[in-house]
Amino acid sequence: MNNSLTKKSLYQVIQKNQGLIALLIFVVLGVVVISLIPPQILKIIIDNNLVPKNREGLMRWAIVYLIVLLFIGVFDFLKEAILTVLGQRVTKEIRMEMMVKLGKINSQFFSSHETGAVVSRFTNDVDAINTLFTSGVVGMVISSFKIIGIVISIWFFSYKLGLLTLLLLPIIYGIIRLFQKRMLQAQIKNRILVGQVNNHISESLNNMLMIKSYSKEKYMEQNYNRYLLDNFLTLDKVNFYDAVFSPLIQILRAIVIASIVILSSAQLNFLGMSLGMIAASIELISNLFEPVENLGMQLQNIQQAVSGVRRVNEFYMEPEEDGKNDKLTAAKIIPDRSAVRLKFDNVSFRYETGTDILKNINLTLNPLEKVTFVGRTGVGKSTLFKLIMGTLQPTEGVISINGIDVCAIPNREKRRIFGYVEQRFHFIKGTVAEQISLQDEGITRGKIEEALRFVGMMEYIESLENSLDTEVTSDSLFSQGQQQLLAIARAIVTDPPLLLLDEITANLDSITEERVISVLQKASSAHTVLSISHRLSSMIASDSVVILENGRVKNAGSPEVLLQDDDWFSSQVALERLTWH
Amino acid sequence: MKQMKIEPLTRPDKIINYWKKEKTAVAFIIIFGIGYNTSAILGPIYQGKLIDALLRGDSLNEIAVLAVTFVLLIAAIQLTRYLKRFYTRRFANSTSATMRLMIYNNIMNKGFVDLQHENTGDLMTRALADVDLCVDGMRKFTTELFDTGVLMSAYFLTMLYYDVQITVIGALFIPVAMVIAEKLKNLIYQFSIDYRTKSSEITGMTYDFIDNAMLYRINGLEIKTQEKYDLELEDLQNKAIKASIFENSMQPIYNVVAMLGVIMVIYWGGSKVIAGSWTVGIFSTYMILFAALAAKVSNAAKLFNSVQKSRISWQRIKPYLTEYKTKNTALNIKKNHTTLNIENLTFAYPDAKENVIQNITMTAQQGEIIGITGAIASGKTTLGLALLGLYPYMGSIRLDNQELMDYSEYERSQMIAYLGHNPQLLSDTIYNNITLGSNEDITAVLRDVCFDTDLAAMPDGADTLVGNGGIRLSGGQQARIALARTLLNKRKIIILDDPFSAVDMQTEEKIITNLKEHYQDCLILLISHRLAIFSHIHRILFLHPDRTVEYGTHQELMEKSEIYAEIYNLQQLAGENNE
């Protein structure tokens, strides 16, 4: 826990909730002290009333007993409630910090981390920290205090029994830990097998065509049966420990009680306690088992949560984007949209893993030029776009717009400069209108409608139940082609001077493709357009074509010239005219 | 009791059958459950006797005997308790395995078209979580029967035996606690539903923000998403606090309410001791019983809740719990002299309006390799799938002079081997991926797909694990393992849909040669857009975008079809760069 985020968040929560923390400390002390009182009252009742057969004060002690129970109930309730509140606040604090971090994290993070794994850091790992805090650390403090309180109480009755209890403690703890460790081992083993069982199902569903076509249902089921059986057997072991643990504790407790009674017999009278004290001691020792047992569990919770803490802190230490100049605005960079000059100055890019993607790219684009980048898949075309938008930083060289390094452009300005359309439309959670505005309140409803009308989607959207305010709950509300039209609307709604089109027709049939292309053709006149395509027939009319090969510019020029000069390009164009690929 | 297999269950949609199936475990649960819960009262009684013995000043010997008896008694009681607990858990464990097996069997035996229709993956994961919840409820229901029913009655009867008046009045508040818990139940349930809904909403939102992080970043909207996230987290926090406080922190309160009668117990009980009709030991025994009863009651509410929850889960998994099915494996097919006659084959996907293939007519026979090619979306892949017989079609596909649809699904799978674009590897060893449980020798097929050299470089050889979906292998290796599987499980007809896109040209050519030489007893249909290899095979079916087709040898098509010849030549020119 010596790393920053967890510590920082805990510290902040403590800072903001000083009153609550004080109350918690009070309540914890209260719980510890008050829960020691009932055995004392029992002792008094037995010694003062029952043994000497004296009625006096019996009613009073009965009432006090109930009041103490009431206090225990209330304090227990408060303790749980405060811990819940604090735990949840810590959770919230950490999650929020992580989200802020996500906004600053270097873009390379996203290419090397799966979404699911990152989400699990936000959910499971943060929950683990909550557990660590509430049932781990605070729980341990409470358990320890309880144990100390019980030992002190017994010590007052008889120092000999107090000493014996102290001797007994490590033995009880040792036995309990041994069990807990064995059980944890079995649980871990079982958890792996549960993963195997679940994985087999998704695997079966993914490979259904193969299974059906070979009639291997039986084989798959046999494998599943085997996994289930393994799972059954390991769980049986977990169940053994689980089932035997509490009975064992009860037997242990009976032995301790029997020993106290024997030691207190009139003949031995080793402990020198009154009958009330003996009864109270039995009660106290019975209560000793619970915190000892909890202590073991809490220790285990902490151990398990530590890996979650580590992952969260690791996330917090991920490198961030830098070099942003917050003073830059879109208007300052591009005062005149017909004079946008994009320049690549000896740009190379290599991933952290060391693989070279782009090498020494030098290009200068004229204002309002239409450029298409072509080349085999994996040649680095998409990386090039990310570099242009400044979401990735070149390893060497600079990409600039009107002389300004794109990496310095703050993110909030980017939408006013770049309109980026990808191969796949990414839905966000929200309404149809929000798919276009991306919940940017600066974009008026009129603008949204205008953009949708431009791409010819308004009519369809008006036919939806709530028109623009229809909640998008599944991808199937729009066909592939419509999704691409929405993507274009999303890109042009802010009227950016530069359009970046990344394989936008890759998933479309030819009729839809034509429609998309014609919309883009219409939009392109007032824009500098950069597009990526591995299907050349589907590219919009370009002023120039850049052919990339092995990370370098292999050839560049007008399509007419390339058709003459470049064998690869000309045969590729011919093949695609025949819709071949 | 070691089972070697999880056995299926008849009438799995009747919940009572799961108890019937686990007869032994259930019998033990009943025996030990009743045994434990009726004898459990002896613990507090003997503890009281020990105190009385001390009070009487019994001799050390007598006390020692009593103490040992006490320990032995507790040991015996706890042994039955252990057995009860263990068998209840085993019952749950077996039941969960049986349910999972039955659900799996149900899914695996659904028709291919049905499976495409539903979002099975999503349903499955939900169904599995529901199995856990359901079984948990079943287990708690089983223990509740004893712990809450038998144990509480045993305690209550013993208390009545000691004193009717104290018991009746003292325990008066116990039902009050139960009523409060019952009344709050719906509220708590609502809070916990609210919390869970919000929690999954937040998870979805987190997923959205992370998955679309670049989208938000490029559009400069990260600050906005953060503000929104902050508000939502605040809401989640409040809901979590509410749900958690009501669900977990109320227990001490219930307990206090149930214990309200303790005043009477202490006062009257104490009075009875003073009057001499009770001993101190009985007083102590009674106090223990009373506290235990109150604690059980405050727990019971939680128990009822989880049983309630499990009923909803049961309703959700019930549709998947159908009779155990096995595929009919009766086989009535010809062994050799394969002939394939396709006449006016027309095919549309279920729900789609347009035909993907139309009026295809062709014949082919054993020993031939037929190439199928065409432009994008000309129906190449669809034709391959149609020939598998997984979808209904129009026109006629006759295999050995019998209509494809008249064969059973099993018979079709024994006549046609299929390999699609996706290698569909299982996270298992290379050997198991190829043999799929048939224990055959794979040396020959590995050589046919040119994997022998790859294998030699692997320290574990054929026992190398391929990883999830084959992730530990390269794309080309995955494709060749999948091809090896197809060849090992070769049938009269082998359909290969573009298996070589991740394999280099040279290897592709070598594999084709191997296929030609070693698989003459098969009819191979090879779907591809790379025409280079087509010059080495028997005939080619050329699909045009306008749904017309041409069928002939490579030579014939080169002469007859301008487009075919043009594409062939262009591909030769573009060479390896063509993708």
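**A walk through a two-chain model**

In strand β12 of chain A, the residue that bridges to A:I547 is A:N555. That's a small detail to begin with, but it gives us a foothold in this structure, which is a predicted model. Let's zoom out from there. The strands involved are β11 (residues 544-549) and β12 (residues 552-557) of chain A, and they pair antiparallel over five bridges. Together, β11(A) and β12(A) make a hairpin with two residues between them. Have a look at A:N550 in that turn: its phi is positive, about 50°.

So what holds paired strands like these together? Strands of a sheet pair through backbone hydrogen bonds, and they can do so in a parallel or an antiparallel way. Keep that in mind as we go, and remember too that in a regular strand the side chains alternate between the two faces of the sheet.

The hairpin belongs to something wider. Six strands of chain A form an open sheet, and if you read across it the order is β6-β9-β10-β3-β11-β12, with mixed pairing. Which strands stand at the edges? They are β6 (418-421) and β12 of chain A; each has a single partner strand, so one side of each is left without a neighbour in the sheet. On average, neighbouring strands here are turned by 15° against each other, if you ignore direction.

For a parallel pair in this sheet, find β3 (residues 370-374) and β10 (residues 528-532) of chain A, which are joined by four bridges. Within that pair, A:T372 has A:S531 in β10(A) as its bridge partner. Helix α12 of chain A packs on this sheet, where it touches β3, β6, β9 (498-502), β10 and β11 of chain A. The direction of α12(A) makes about 150° with that of β10(A).

Chain A has another sheet to explore. This one is open too, with four strands in the order β2-β1-β4-β5 and antiparallel pairing. Its edge strands are β2 (356-365) and β5 (404-405) of chain A, each pairing on one side only. Further in, β1 (residues 342-350) and β4 (residues 396-401) of chain A run antiparallel and are joined by five bridges. You can spot A:K343 standing opposite A:S400 in β4(A). And here's a familiar face: helix α12 (residues 381-388) of chain A lies across β1, β2 and β4 of chain A, running at about 120° to β1(A). In other words, α12(A) lies across strands of the four-strand sheet and also packs on the six-strand one.

Now step back to see the whole of chain A. It is divided into domain 1 (1-157 + 304-320), domain 2 (159-272) and domain 3 (330-425 + 478-577). How many Å separate the centres of domain 1 and domain 3 of chain A? The answer is 55 Å, taken over C-alpha atoms. There is also a salt bridge to look for, between the side chains of A:E320 and A:K101, at 2.9 Å from N to O. This pair links distant parts of the chain: A:E320 sits in the loop between α10 (275-316) and α11 (330-333) of chain A, A:K101 sits in helix α4 (residues 58-104) of chain A, and they are 219 residues apart.

Chain B comes next. Its domains are domain 1 (12-163 + 312-323), domain 2 (164-277) and domain 3 (339-577). Between the centres of domain 1 and domain 3 of chain B there are 55 Å, again over C-alpha atoms. Strand β1 (residues 339-347) of chain B is a good place to look for pairing. With β2 (residues 357-365) of chain B, β1(B) runs antiparallel, joined by six bridges, and B:F347 stands opposite B:I357. With β4 (residues 394-399) of chain B, β1(B) pairs antiparallel over five bridges, and B:E343 has B:S396 as its bridge partner there.

Finally, let's put the two chains together. The contact takes 132 residues from chain A and 145 residues from chain B. Between them, the chains bury about 12800 Å², with 68% of it on carbon and sulfur atoms. Across this interface there are six salt bridges, and one of them joins the side chains of B:E409 and A:K212 at 3.9 Å, N to O. There are also 34 residue pairs in polar contact. Which helix gives the most to chain A's side of the contact? That is α9 (residues 217-264) of chain A, with 30 residues. Over all chains, the whole structure holds 36 salt bridges.

Terms used:
Residues are numbered from 1 along each chain as its sequence is written. Chains are lettered from A and ligands numbered from 1 in the order in which they are written. This is a predicted model: local features need pLDDT of at least 70, side-chain atom pairs count only at pLDDT 80 or more; totals for chains, interfaces and linings use all residues. Side-chain values use heavy atoms; hydrogens and water are left out. Domain bounds come from an automatic or database domain assignment. Two strands pair if DSSP finds at least two bridges between them. Contact means heavy atoms within 4.5 Å. Axes are lines fitted to C-alpha atoms, for helices over the stretch in contact, and angles run from 0 to 180 degrees between N-to-C directions. Buried area is the accessible area (1.4 Å probe) that two parts lose on being put together, summed over both. A salt bridge is a side-chain nitrogen of Lys or Arg within 4 Å of a carboxyl oxygen of Asp or Glu. A polar contact is a pair of N or O atoms within 3.5 Å; within protein, one must be able to donate a hydrogen and the other to accept it, and residues adjacent in sequence count only if both atoms are side-chain atoms.
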